[in-house]
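Colleague: I am new to this one, and I would like to get to know it step by step. Could you show it to me first?

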Amino acid sequence: MLVFHPATQKPELETAVLRYRYCPYCGKLLTGRPGREKIHPYCDGCQESFYRNPTVGVAVVVVEGDSVLLARRLGSYAGMWCIPCGYVEWNEEVRDAARREMKEETGLETEIGPVFAVHSNFHDRDRQTVGIWFWGRKIGGELRHGSDASEVGFFRIDALPDAMAFPTDLMVCEKLRHLIRSGSIPVWLASYPESEWT
Ligand SMILES: [Zn+2]
């Protein structure tokens, strides 16, 4: 069983836990095979180890003045707010995923710029993710919520909604608050080559 540190939410006992006990290819009962640091489920019929890895999530930080774009969620964490986000699909380039999620959730066409933050997400212990928060700028579209959100809107960085869904979004917003207050966003953005916006 995973034990999570109360403050950091990081797992204290590192172990790979699969939801299934049988090989998805041949149906044999999986056994344990010692890896370098931990035991991995192993099929001795297929001679294959199975790993459980975090999924990659992407989010896009769009700022206007001292306000950040947020979406009110439907589905998981319904009614709570987050920076618009979603999962990277198989065969999908990570920035394409960010652009797609923005379009689906907020109606906006965005250009994807520098990485603003990267964090591990442990808030849903069965669906751990690595989140990448890209900086984005609006290049078209009209702000309106899509099927994954009930509302979208800009919130002043000093007046975020109380019900924020994810602790890592709060960390990202805290970094954003610091950069907005210190006026350093234009300098930071100027260091990113225009040719790398996609
Ligand atoms: Zn097998």
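What follows is a short conversation about this predicted model.

Colleague: Thanks! To begin, how many helices and strands are there in the protein?

Modeller: Happy to help. From the N terminus on, the elements run β-β-β-β-β-β-β-β-α-β-β-β-α-α. Counting them up gives 3 helices and 11 strands.

Colleague: How far apart are the end C-alpha atoms of helix α1?

Modeller: Helix α1 covers residues 94-106, which is 13 residues. At 1.5 Å a residue, the helix should span 18 Å. The model agrees with this, because the end C-alpha atoms are 18 Å apart.

Colleague: And which residue just after α1 takes a positive phi?

Modeller: Look just after the helix, where the phi is about 80 degrees. The residue with that positive phi is Gly-107.

Colleague: Is Glu-105 buried or exposed?

Modeller: Glu-105 is found in helix α1. A residue counts as buried if 20 or more other C-beta atoms lie within 10 Å of its own. Glu-105 has 24 such atoms within 10 Å, so this residue is buried.

Colleague: Which strands do the buried residues of α1 pack against?

Modeller: Glu-105 has company in the helix, as the buried residues of α1 also include Arg-95, Ala-97 and Met-102. Glu-105 itself touches Ala-71, Pro-84, Gly-146, Asp-148, Ala-149 and Val-152, leaving aside residues up to four places away in sequence. Ala-71 is 34 residues from Glu-105 in sequence, yet their C-alpha atoms are 7.4 Å apart. Taken together, the buried residues of α1 pack against β4, β6, β8, β9, β10 and β11.

Colleague: Let us turn to β4. Which strand runs parallel to β4, and which runs antiparallel?

Modeller: β4 is mostly covered, with 5 of its 7 residues buried. On the parallel side, 7 bridges join β4 to β10, and Val-61 stands opposite Trp-135 there. Ala-59 has Cys-85 in β8 as its bridge partner. The parallel strand is therefore β10, and the antiparallel one, joined to β4 by 3 bridges, is β8.

Colleague: Last one: which residues touch the most other members of the largest nonpolar core?

Modeller: This core has 30 residues, and β4, β6, β7, α1, β9, β10 and α2 each supply at least two of them. Ile-83 touches Ala-59, Val-61, Leu-70, Trp-133, Asp-169 and Val-172, not counting residues up to four places away in sequence. The residues that touch the most other members are Val-58, Val-60, Val-61, Cys-82, Ile-83, Trp-133 and Phe-134.

Technical notes
Residues are numbered from 1 along each chain as its sequence is written. This is a predicted model: local features need pLDDT of at least 70, side-chain atom pairs count only at pLDDT 80 or more; totals for chains, interfaces and linings use all residues. Helices (H or I, at least four residues) and strands (E, at least two) are DSSP runs, numbered from the N terminus. The expected span of a helix is 1.5 Å times one less than its number of residues. A residue is buried if 20 or more other C-beta atoms lie within 10 Å of its own, exposed if 12 or fewer, and partly exposed in between; C-beta atoms are placed from the backbone. Two residues are in contact if their C-beta atoms, placed from the backbone, lie within 7 Å. A nonpolar core is a set of buried Ala, Val, Leu, Ile, Met, Phe, Trp, Tyr and Cys residues joined through C-beta atoms within 7 Å. Two strands pair if DSSP finds at least two bridges between them.
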